[in-house]
Amino acid sequence: MEYIFVKYIHFAGLLLLVSTLALEHFLVKPKMSPDEFRTLALVDMIYGVSSLIVLAAGLTLWFVVGKGASFYTANPIFHIKLSLFVLVGLLSVYPTVFFIRNRTSKQILIEVPAKIVMIIRVELLLIFVIPLLAVLMAQGVGRH
Ligand code: HEM
């Protein structure tokens, strides 16, 4: 029962993660005002919280309620999944810092570097790849 509940939390966190990131992609523009950055920073904060929900539920599945830690730890596909998650986290640092910094800017309009949009797109792409690795490893594919 706990297992099913934690799996649901893992999925719910994921839904929030993807929707907030898609919203960021929609909100970000080549030139933005501090007010618009405040909105983006808020969405980005919810994005951060959702990644913590996914992580906490993931760790619980791994070490507490799942199929036993070694079932996952022994699978290289699981390690690739975790590495991609870490990569998404690292990629998100630059946009987060940029949004927070410009919330309080004195300029009326601030230019947004094109790489911010690219980073969000790469994050979205990686988040769409991770579930494929997840379903494989949860079935034991790739275990030795
Ligand atoms: C964006 C990041 C993530 C995505 C998209 C994701 C996606 C998924 C999906 C779709 C499943 C279900 C697989 C299935 O039951 O067939 C799953 C299961 C699982 N996830 Fe994640 N996950 C992410 C991050 C994490 C992290 C960070 C951890 C660990 C720290 C983790 C640990 C697990 C574990 C242990 C399972 C297996 C549960 C089971 O055996 O039923 N996940 N994940």
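At what angle do α1 and α6 pack, and how far apart are their axes? Keep that in mind while you get oriented; the answer comes at the third stop. One thing to know before you click: this is a predicted model.

**Stop 1: the whole chain**

Show the full chain as a cartoon and colour it by secondary structure. You should find six helices and two strands, arranged along the sequence as α-β-α-α-α-α-β-α. Aligned to the principal axes, the C-alpha atoms fill a box of roughly 55 × 25 × 20 Å. If you colour by burial, buried residues account for 21% of the 144 residues. A contact map is worth opening too: of the contacts between residues at least 6 apart in sequence, 85% link residues at least 24 apart.

**Stop 2: α4 against α6**

Now select α4 (76-91) and α6 (114-138). Their axes come within 9 Å and cross at roughly 160 degrees. Angles over 145 count as roughly antiparallel, and α4 and α6 therefore run roughly antiparallel to each other. Their crossing is left-handed. To see the contact itself, show side chains on the α4 face for I77, F78, I80, K81, L84, F85, L87, V88 and L91. On the α6 face, add I119, V122, E123, L126, I127, V129, I130, L133, A134, L136 and M137. Colour this set by residue class and you get 18 nonpolar residues, two charged and no polar ones.

While you are here, centre the view on I77, which lies in helix α4. Is I77 buried or exposed? It counts as buried, because 20 C-beta neighbours lie inside 10 Å. Leaving out residues up to four places away in sequence, I77 touches L133, L136, M137, V141 and G142. Try a distance label from I77 to V141: the two are 64 residues apart in sequence, yet 8.0 Å apart in space, C-alpha to C-alpha.

**Stop 3: α1 against α6**

Keep α6 on screen and add α1 (2-27). Here is the answer to the opening question: α1 and α6 pack at about 155 degrees, with their axes 10 Å apart. That makes α1 roughly antiparallel to α6. This crossing is left-handed. Select L17, V18, L21, A22, E24 and H25 on α1, then I120, E123, L124 and I127 on α6, to light up the contact. By class, the contact of α1 with α6 holds seven nonpolar residues, one polar and two charged.

**Stop 4: α2 against α5**

Next, hide those helices and pick α2 (34-65) together with helix α5, residues 93-102. The axes of α2 and α5 come within 8 Å and cross at roughly 140 degrees, which makes α2 oblique to α5. The crossing of α2 and α5 is left-handed. From α2, show P34, F37, L40, A41 and D44; from α5, show T96, F99, I100 and N102, which they meet. This contact divides into six nonpolar residues, two polar and one charged.

**Stop 5: the ligand**

Finish by selecting the ligand and its surroundings. Which residues come nearest to the ligand? Among the 20 residues around it, those are G58, L61, I130, A134 and A138. Turn the helices back on to see where the shell comes from: α1, α2, α4 and α6 each supply at least two of its residues. Coloured by class, the shell around the ligand shows 15 nonpolar residues, three polar and two charged.

Methods. Residues are numbered from 1 along each chain as its sequence is written. This is a predicted model: local features need pLDDT of at least 70, side-chain atom pairs count only at pLDDT 80 or more; totals for chains, interfaces and linings use all residues. A residue is near a molecule or strand if its C-beta atom, placed from the backbone, lies within 6 Å of it. Helices (H or I, at least four residues) and strands (E, at least two) are DSSP runs, numbered from the N terminus. Ala, Val, Leu, Ile, Met, Phe, Trp, Tyr, Cys and Pro count as nonpolar, Asp, Glu, Lys and Arg as charged, and the others, Gly among them, as polar. Axes are lines fitted to C-alpha atoms, for helices over the stretch in contact, and angles run from 0 to 180 degrees between N-to-C directions. Angles under 35 degrees count as roughly parallel, over 145 as roughly antiparallel, 65 to 115 as roughly perpendicular and the rest as oblique. A crossing is left-handed if the near helix is turned anticlockwise from the far one by less than a right angle, and right-handed if clockwise. Two residues are in contact if their C-beta atoms, placed from the backbone, lie within 7 Å. A residue is buried if 20 or more other C-beta atoms lie within 10 Å of its own, exposed if 12 or fewer, and partly exposed in between; C-beta atoms are placed from the backbone.
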